[in-house]
Amino acid sequence: MGLGGWLPDCHRLQEDNSLLAFDKRSMSTLIVVITRRCAIGRMATHMKIPHNDFYRSSLDENEEETIEHLLCSCLGLQGSSPFNETEKQIRLSKSEEIRNFLNETGDPCEDFYNFACGNWRAHNKATEDELKKSVLLNVEKQFNLELKAMLESEDFAAKDTIEEKVRDFYKSCLERPTESEVYRSKLKDIIQEFGKMPLLEKENWVERNFNWLTTVANIAQKYNHNILLGFKVLPYFRNVSIHGILITHQEFPFPLPLNANNSEGIYWQRYEENVTQRLLRYFGIDANLAQETAQEIVKFEKVLAQSASHDRYGPDEYRTETSVYKLQRKYSPYMDIEKYMQIAFESIPEDNVMEENESYHYSLIELMAKTPKRIIANYIFYNLIHKFASNDTNCIVETKRHFHNALENMWYRRHNIAEMERAVSNMFEDLKSVLFIKMRSKAYKWMSLRILRYSLEKVNALSLKVYNYNDIDFLREYGALVLNSSDYIGNLRSIFSLKAHQHREKYYQATNDYYDAENMPSGIKYIRTENRLLVPLNVLQAHQFRSTLYPLAVNYGQLGTMLAHSILHAFDDEARFADKYGNEADWWDHPSTVFFDDHTQCFRQQYQGFTYAGLPWPDSIVQSENIADNGGVSMAYQAYVAWYENTSRPQNNLDQEQLPDLKYKNRKLFFIAYAQSLCADIHPNYDSFILASEYYPPESLRVLASLSNMEEFSHVFKCRRGSVMNPEDKCKVY
């Protein structure tokens, strides 16, 4: 007769509590008599768990053990495991992963990030070739490997013509001859579409035939590539159901604040070396000529980048409503905006025009007037060719760059993740409920009644979308493409030409769901113009950030904090100026704004007290990420604790709130899981980039700051008041 059939269960204890009079020694003796074996030691060894975990009657490490807990929670009395052998191995692997990340020689109350991620960082060192490594980047790499295996499988069978096109492009990328004369000839053909390059023509180049504005306008019209000047079609900020046009500058190789702070010397030096090597590879020219030209190109671009730089991330404060007519009057006769738009956009847009960073445009006019046309032309044509001859050797990355939605949908159609999608949606709703309840409590009494009511409306309107791309009409988007599996450059010309046409047409169409093939996020993202969370498929890979086999402490600590972080972006210091539909609207009243600004200022001052790479963390006007980090981990923890303390759930769910061979469980496990989802290592050569990105603190700072502001963390890990992780002064908004 099994022990479980003899002893009363938890429900029967409520009717017959006579066994509660036994002390633990008597109960242990009784178990030995009945089972004829030592229930404490041998069974614990057999189950491969610490003896204390086997006998521990309460899963709450701070709770005193009782006979009732022994009968209800002791693993040795639970009967057969609910997991099969494969599931046990998955749980054991997760346990090993967590233990292998930990540095238990560190004090969690002094540096919790080192405690949680110390060993991970020791075994995942960033290098000069890979300046940053992180858990999230590793997940993205794993997803890319799955995409690669899918496309290269001998059993691959295209489900439609679009999948055939995607695979043809991938094959052409694999077979591209990057240094052959045929390859270089194709690159020169692209240049000849728009003129001649002084570097190649030498003394035969005729300066009077070159007009920089006409050249870049024609390139934008044909290939949707902004050089020097440019435009973007995007949702109009006052009414996100329609599109507007943003007159802007080109993209630059480094974060713009890096240029503003004049700390970019080493990066421009390496960039110049890269440009030199690219010129050699693209055109097969003399090495000295390549180096001399690279110096001129980089010197020119450096001035451009400094002109575009500003003291914060996010361009919103540098955008103004205008019209093409007004811009023409402002910059004529030095820069003909009407001519540029007539060529690049094929018409003059009359409505919903915005300008970004007018100081850049004034600086551009000044720079063009004093720079030799030969240098400007070399810069433009190098920039154009680099778009076609990217030195990224990873063809999966290149394929995602052009077919992100189609490629990931191919993976989705071959994997059943319906359970994961439901679980993410349920967790999202649980987190929204936590925020909804908290807003209606006294915790948010600083909000006026009107602001509180509209905040609740915005929470209720907040939606979530797993980006599986099932609703995309791929035939309409890619059907016109004619691709050749052996002509990579030709394929790019077709792709860029089609996308240029589609980009212009967007202006006349209603807005669709957010999609930017070349800049899709690798993590969960809040889309302000839609008041929606976007969940990419890579996050939903099996047993990464969430699994039915993991304790909910792990699931909420990882996926839950990601979702909660993104939810709170709806109420950060930028998105709070958007209404529940995503339109720009200043709906906050003065008293609520004053409180919010004061508490945001607390974060601003607090983060400057942290150091990174031996330097104080730089000041930032924007605190969006810090607000989301601090409020997000707190909200996810509240959601987890609400589940944990819900006595109506099945008891076996509570039994599973631990992993084999791991002494940390429930609340402690939540915080460890959160920190370990942000494990990262950054090479010293990348430190200036990180410091220039003051809007996005590094992972270590994100963990240390958010947890040091949580009283619950300090209570769980018993951190004394005044310790690093339990400072006297804490900051909080949500």
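Here is a short walk through this predicted model, from the whole chain down to a helix pair and a single lysine.

Start with the big picture. The chain runs to 734 residues, and 54% of them are buried. Going along it, you'll count 33 helices and 11 strands. Now look at who touches whom: take the contacts with a separation of 6 or more, and 74% of them join residues 24 or more positions apart.

Next, pull up helix 26 (residues 552-568) and helix 30 (residues 666-676). Their axes come within 7 Å and cross at roughly 35°, and the crossing is right-handed. Helix 26 brings Ala553, Val554, Tyr556, Gly557, Gln558 and Thr561 to the meeting, while helix 30 brings Asn666, Leu669, Phe670, Ala673 and Tyr674. Sort the residues of this contact by type and you get seven nonpolar, four polar and no charged.

Now for the lysine. Lys432 sits in helix 22, which covers residues 418-439. Which residues does Lys432 touch, once you set aside those up to four places away in sequence? They are Val459, Asn460, Leu462 and Ile567. One of these, Ile567, falls within the residue range of helix 26, so to speak a link back to the helix pair above. 

What about its charge? Lys432 is buried, yet it has no salt bridge. The nearest side chain of opposite charge belongs to Glu429, and that is 4.2 Å away. A salt bridge calls for a Lys or Arg side-chain nitrogen within 4 Å of a carboxyl oxygen of Asp or Glu, so the Lys432 and Glu429 pair doesn't qualify.

Note on methods
Residues numbered from 1 in each chain as written. Predicted model: local features only at pLDDT ≥ 70, side-chain atom pairs only at ≥ 80, totals over all residues. Heavy atoms only, no water. Helix = DSSP H or I, 4+ residues; strand = E, 2+ residues; numbered from the N terminus. Buried < 20%, exposed > 50% of the residue type's maximum accessible area, 1.4 Å probe, protein only. Lys, Arg positive; Asp, Glu negative; His and termini not counted. Contact = heavy atoms within 4.5 Å. Axes fitted to C-alpha atoms, helices over the stretch in contact; angles between N-to-C directions. Left-handed = near helix turned anticlockwise from the far one by under 90°. Nonpolar A, V, L, I, M, F, W, Y, C, P; charged D, E, K, R; others polar.
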